[in-house]
Number of protein chains: 2
Amino acid sequence: MKIGALARKTGTTAETIRYYERTGLLEEPPRTAGNYRDYGPTELARLRFIRRARDLGFTMAEVRQLLSLSDDPSQSCEAVDSIASLHLREVDRKLGDLRKLRTELRHMVDDCQHGAVGECRIIEVLSG
Amino acid sequence: MKIGALARKTGTTAETIRYYERTGLLEEPPRTAGNYRDYGPTELARLRFIRRARDLGFTMAEVRQLLSLSDDPSQSCEAVDSIASLHLREVDRKLGDLRKLRTELRHMVDDCQHGAVGECRIIEVLSG
DNA sequence: CTTGACCTTGTAGCCACTACAAGGTGCATA
DNA sequence: TATGCACCTTGTAGTGGCTACAAGGTCAAG
């Protein structure tokens, strides 16, 4: 499988895959006679893992840890749990921030009387 | 007022203020005899405006537009309203995404039996 | 007259990509 | 066989919004 096909199968782009390789998240695959990257099912599975974790908002550093933990299936999953729980707390925090922010924005927009900028509530709020 | 004092009054840092100046968000202030930036109440108000808008999640580009709109108080505030409403919709979208993500993470973490990595639900979910 | 807090410029780094440019490969069609 | 075109290669630079230095200048207090 060439890089474009792998990209399509994983909802990524060739650029992103090469970027993951550069940064060590993916290993260098074998090459075809024409020097094209040649991927198999192992790399596909690994990239899918990476994409799922990224879509769930894990950072590249966390993904790296999760990958290396998943490579050793006999050890305790305490570390995995701790990474995921920490991330969950982080997401909760962001949700709280975003909800507060939304309320403020909502008020601002609702109070706007659509008149002149000089009396615009939005500008007033921002100006303090 | 020197840059450090302005930073303290606005909850920023001197580096950020200089960055805003570099990128044209703030104008170059006058200088003291010793070549220090010398800020007055106008710059303080402008920086406060910028910080409030940034804290509400507006991008630098949006802040730039809001600033130039607020400079002309006689025109209609339609454009201001449209920037704010668009941003509000964007925030709503992000909130939705984050809520979905939280649910998935929550399930993952809840299902983890804290055993071996080989049976870890978190790793299973990520592996597909 | 030295200490130390503050300031100056300039450059590089962060994250996670994304966007080129300039050229090579491989396959279908005329 | 030639040509066109999609795809691939490497390398470099840019995005947003800062943040972190390094190497040096300024200024008030002790």
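In this predicted model, a base nitrogen of DNA strand D lies 2.6 Å from an N or O atom in the side chain of Y36(B). The side chain of Y19(B) also faces a base of this strand: one of its N or O atoms is 3.5 Å from a base nitrogen of DNA strand D. The backbone of DNA strand D is contacted as well, with a phosphate oxygen 3.3 Å from a polar backbone atom of G34(B). Three elements each give two or more residues to the surface near DNA strand D: α1 (3-10) of chain A, and α2 (14-22) and α3 (41-55) of chain B. Of the elements, α2(B) supplies the largest share, 4 residues.

In total, 18 residues surround DNA strand D. The closest are G4(A) and R37(A) from chain A, and Y36(B), R54(B) and M60(B) from chain B. Sorted by class, the surface near DNA strand D holds 7 charged, 6 nonpolar and 5 polar residues. Sugar or phosphate accounts for 75% of the atoms of DNA strand D within 4 Å of the protein, and bases make up the rest.

DNA strand C is also surrounded by 18 residues. Those that come nearest are Y36(A), R54(A) and M60(A) of chain A, with G4(B) and R37(B) of chain B. Of the atoms of DNA strand C that come within 4 Å of the protein, 75% belong to sugar and phosphate.

The table lists polar contacts between the protein and phosphate oxygens of DNA strand C.

| Residue | Protein atom | Partner in DNA strand C | Distance |
|---|---|---|---|
| R54(A) | side-chain N or O | phosphate oxygen | 2.7 Å |
| M60(A) | backbone N or O | phosphate oxygen | 3.3 Å |
| G4(B) | backbone N or O | phosphate oxygen | 2.6 Å |

R54(A) thus reaches a phosphate oxygen through its side chain, whereas M60(A) and G4(B) do so through backbone atoms. The elements that give two or more residues to the surface near DNA strand C are α2 (14-22) and α3 (41-55) of chain A, along with α1 (3-10) of chain B. The most comes from α2(A), with 4 residues. By class, this surface near DNA strand C has 7 charged, 5 polar and 6 nonpolar residues.

Both protein chains therefore appear around each strand. For DNA strand D, chain A gives α1 and chain B gives α2 and α3; for DNA strand C, chain A gives α2 and α3 and chain B gives α1.

Definitions and conventions
Residues numbered from 1 in each chain as written. Chains lettered and ligands numbered in written order. Predicted model: local features only at pLDDT ≥ 70, side-chain atom pairs only at ≥ 80, totals over all residues. Heavy atoms only, no water. Near = heavy atom within 4 Å. Polar contact = N/O pair within 3.5 Å; in protein donor to acceptor, adjacent residues only side chain to side chain. Nonpolar A, V, L, I, M, F, W, Y, C, P; charged D, E, K, R; others polar.
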